[in-house]
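Colleague: Before we rely on this model for anything, could you take me through its contacts and packing?
Modeller: Gladly; let us put it on the screen and go through your questions in turn.

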Amino acid sequence: MKAPRIRFYDSACVVALCLLAAPLIPAGFTAWLHPSRPNWAELNAREKSVSQDRIDAGEARSHYRDALWLDARSRADYEAAHVPGALLLNEDEWEALLPLVMERWDGVQPMLVYCGGESCHASEAVARRLKRELGEIKVLVLNGGWPAWRALEATP
Amino acid sequence: MTRDGKAKSWLRRAALAVPTVLFAYAGAGKLTDPAAFAESISNYQLVPPLAAALLAVYLPWLELVLAFGLWPGRTHRAAKALSLLLLVGFTLALVVTAARGIDVRCGCFGGGAGQGPTAAWAALRNIVLIVFLRFGRNV
């Protein structure tokens, strides 16, 4: 008796490929029609500006004293010590804190975000989110974060 | 089937239902705001913005397809393998990101950056899901 031929579409690999291909059509429609579809150009531009709009503590202190300073760390860190005049704005309490920031912001002054240091990316995340929610506004990220500020303040 | 066999079968199906529901819920959740999900992916700093945008529209649908694909006999094996791969991939991304010191909220169920459990909890949950997936059967 001849062994039954294995039909090619029985192969798990083919099925897997079909499963991987199936989402492409609805994904295409989503990218085309969804009211909240991702905008690559915007994402790209924002990525560029977040990586470019960074300044050092020295420059921040001398030229951006009038900016709205935002602390992206945890509430505990903020309350322990923060840059005088800075407002807390972190992702944990975003909904509660953003209105307070908006109250203080005059609509035109640049914003300057800092967080815990070199390896902390919370300030970038906050900057990105601010640009996303408020449109094309000037948001700077402080290189070196809070430790850089502390070091600067310690020197006369 | 013996009574014991029936109970085991029921258990296995219940086990399969867990990742099914979670995948479907996760996929649907991300579809409510793909732009926010793209933002979340960006925060991981693992892929360039274009890839983030493409993944943001593709991944949710993949999750939905896999959730349903786990049940029909013909697609069960492939869907299971792909789901495992996906979960392993997600977990790796979380681990790598946490190791790099980037503070990301998971974004696992949609929502913008800052939503969802921390990387550690999400990774743990993924591992639990992987276990359910291995144990689960559709018969």
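**Salt bridges, core and interface**

Modeller: I would start from one pair in this predicted model: A:Asp53 and A:Lys131 form a salt bridge in which the closest N and O atoms are 3.4 Å apart.

Colleague: How many residues apart in sequence are the parts that A:Asp53 and A:Lys131 tie together?

Modeller: A:Asp53 sits in the loop between α3 (40-52) and β1 (54-55) of chain A, while A:Lys131 belongs to helix α7 (residues 122-134) of chain A. The pair therefore ties together parts whose separation in sequence is 78 residues.

Colleague: Is A:Lys131 buried or exposed?

Modeller: The cut-off for a buried residue is under 20% relative accessible area. Because A:Lys131 has a relative accessible area of 4%, its class is buried.

Colleague: Which residue of the loop between β3 and α6 of chain A meets A:Arg129 in a salt bridge, and how far apart are they in sequence?

Modeller: The side chains of A:Arg129 and A:Glu91 meet at 3.2 Å, N to O. A:Arg129 counts as buried at 9% relative accessibility, and A:Glu91 is buried too, with a relative accessible area of 14%. A:Arg129 lies in helix α7 of chain A, so this salt bridge ties together parts 38 residues apart in sequence, and its partner in the loop is A:Glu91.

Colleague: What class of accessibility do A:Glu93 and A:Arg75 have?

Modeller: These two form a salt bridge as well, with the closest N and O atoms 3.0 Å apart. A:Glu93 is in the loop between β3 (87-88) and α6 (94-104) of chain A and A:Arg75 in helix α5 (residues 75-80) of chain A, so the parts they tie together are 18 residues apart in sequence. With a relative accessible area of 25% for A:Glu93 and 34% for A:Arg75, each is partly exposed.

Colleague: How many salt bridges does the structure hold over all chains, and how many are between chain B and chain A?

Modeller: Over all chains there are 12 salt bridges, and a network of them links A:Glu47, A:Arg54, A:Glu124 and A:Arg128. Between chain B and chain A, however, the count is zero.

Colleague: What, then, is the make-up of the contact between chain B and chain A, and how much area is buried there?

Modeller: Chain B brings 33 residues to the contact and chain A brings 32, and six residue pairs between the chains are in polar contact. On the side of chain B that touches chain A, the classes are 20 nonpolar, seven polar and six charged residues. Carbon and sulfur atoms carry 64% of the area buried between the two chains, which comes to about 2900 Å².

Colleague: Which element of chain B gives the largest share of the side that touches chain A?

Modeller: Chain B has five helices and zero strands. Of these, α2, α3 and α4 each supply at least two residues of the side that touches chain A. The largest share, 10 residues, comes from α3(B).

Colleague: Which element gives the largest share of the largest nonpolar core?

Modeller: That core has 29 residues, and among the members that touch the most others are A:Leu19, B:Phe23 and B:Leu133. The elements giving two or more residues to the core are α1 (12-21) of chain A and, from chain B, α1 (3-31), α2 (34-43), α3 (49-69), α4 (73-99) and α5 (119-135). With nine residues, the largest share of this core is from α3(B).

Colleague: Where in chain B are the contacts of A:Leu19?

Modeller: Leaving aside neighbours within four places in sequence, A:Leu19 is in contact with seven residues if one reads them off in order: B:Leu62, B:Val65, B:Leu66, B:Thr75, B:Ala78, B:Ala79 and B:Leu82.

Colleague: Is B:Asn126 buried or exposed?

Modeller: B:Asn126 lies in helix α5 of chain B, and, leaving aside neighbours within four places in sequence, B:Asn126 is in contact with B:Leu87, B:Phe90, B:Thr91 and B:Leu94. Because its relative accessibility is 4%, B:Asn126 counts as buried.

Colleague: And what is the class of B:Ile127?

Modeller: B:Ile127 is also found in helix α5 of chain B, and its C-alpha is 8.1 Å from that of B:Val88, although the two are 39 residues apart in sequence. Since its relative accessibility is 45%, B:Ile127 counts as partly exposed.

Definitions and conventions:
Residues numbered from 1 in each chain as written. Chains lettered and ligands numbered in written order. Predicted model: local features only at pLDDT ≥ 70, side-chain atom pairs only at ≥ 80, totals over all residues. Heavy atoms only, no water. Core = buried A, V, L, I, M, F, W, Y, C linked by side-chain atoms within 4.5 Å. Buried < 20%, exposed > 50% of the residue type's maximum accessible area, 1.4 Å probe, protein only. Helix = DSSP H or I, 4+ residues; strand = E, 2+ residues; numbered from the N terminus. Contact = heavy atoms within 4.5 Å. Buried area = accessible area lost by both parts, 1.4 Å probe. Salt bridge = Lys/Arg side-chain N within 4 Å of Asp/Glu carboxyl O. Polar contact = N/O pair within 3.5 Å; in protein donor to acceptor, adjacent residues only side chain to side chain. Nonpolar A, V, L, I, M, F, W, Y, C, P; charged D, E, K, R; others polar.
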